[in-house]
Amino acid sequence: MAEVVTGGTEIPSNMTIYINNLNEKIKLEELKKSLRAVFSQFGDILDVLAFKTLKHKGQAWVVFKDVQSATNALRQMQDFPFYDKPMRIQYAKTKSDIIAKADGTFVPREKRKRHDERGKKKKDQQDANLAVASLNPAYAGTYGAAPPLSQVPYPGGPKHPEAPAPPNNILFVQNLPHETTPMMLQMLFLQYPGFKEVRMVETKPGIAFVEYADEMQSTVAMQALQGFKLTPQNPMLITYAKK
């Protein structure tokens, strides 16, 4: 894991970015999933590190596959309002374990706590993959019940509409991982002008409605995020919601 660093522009460019000023009220697993969702637009992510200890509260590390991806993420997401707090981002001061292992410079640490946490993380990921693959329709959103859909005239939605809906200000998003939360989607879609809200249906995991101020703004977001992968197995399918 990279060390906590404060300020300083002398840190060389590398594949790991260090983020602080994160909202400490967000649960650890939710935080890591949301960080992965937001930063995966810049390139392949090898790992997202965050810990429960008081010393590491409000901090995280995102390990990219290459330096250019990390650089783009640092430049474009600096001060991005993440859970209502602007992110502070810089390159990590020391090399992440995963990078050190890849280039042969890894030196095992004496503490085994991280090893245990990594084992738990792997198990959690396996559990999440099983949840995505399961056919169980039960889903309770982390952020409670979804807003009413009375203003969304999409009638339940056939899986394969006979004809595409005409352009409008509401997007219909499909093929989402079952563990997706409204906040994860909000972090993605609020990057584009005109964003209003995300609405999910608890009884139908895997789909969501995203509303913009007008159809031009919804079109820009759709074109930018079409096929975006929240997980490697789940490229988003975005269409206009049916009127």
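Contact here means heavy atoms within 4.5 Å. Helices (H or I, at least four residues) and strands (E, at least two) are DSSP runs, numbered from the N terminus. This is a predicted model, where local features need pLDDT of at least 70, side-chain atom pairs count only at pLDDT 80 or more, and totals for chains, interfaces and linings use all residues. Residues are numbered from 1 along each chain as its sequence is written, and side-chain values use heavy atoms, leaving out hydrogens and water.

**Exercise 1.** Find which residues of α1 meet α5, and work out how the two helices are arranged.

*Solution.*
- Start with the contact: E30, K33, S34, A37 and V38 in α1 meet M183, M184, M187 and L188 in α5.
- Next, the axes (lines fitted to C-alpha atoms, for helices over the stretch in contact, with angles from 0 to 180 degrees between N-to-C directions) come within 9 Å and cross at roughly 30 degrees.
- That makes α1 roughly parallel to α5, a label for angles under 35 degrees; over 145 counts as roughly antiparallel, 65 to 115 as roughly perpendicular and the rest as oblique.

**Exercise 2.** Work out the strand order of the open sheet, then find its edges.

*Solution.*
- Read the order first: β2-β3-β1-β6, four strands with antiparallel pairing. Two strands pair if DSSP finds at least two bridges between them.
- Now the edges: β2 (45-49) and β6 (88-91) each have a single partner strand, so one side of each lacks a neighbour in the sheet.
- Then look inside: four bridges join β1 (residues 16-20) to β3 (residues 60-64), and T16 has V63 as its bridge partner in β3.
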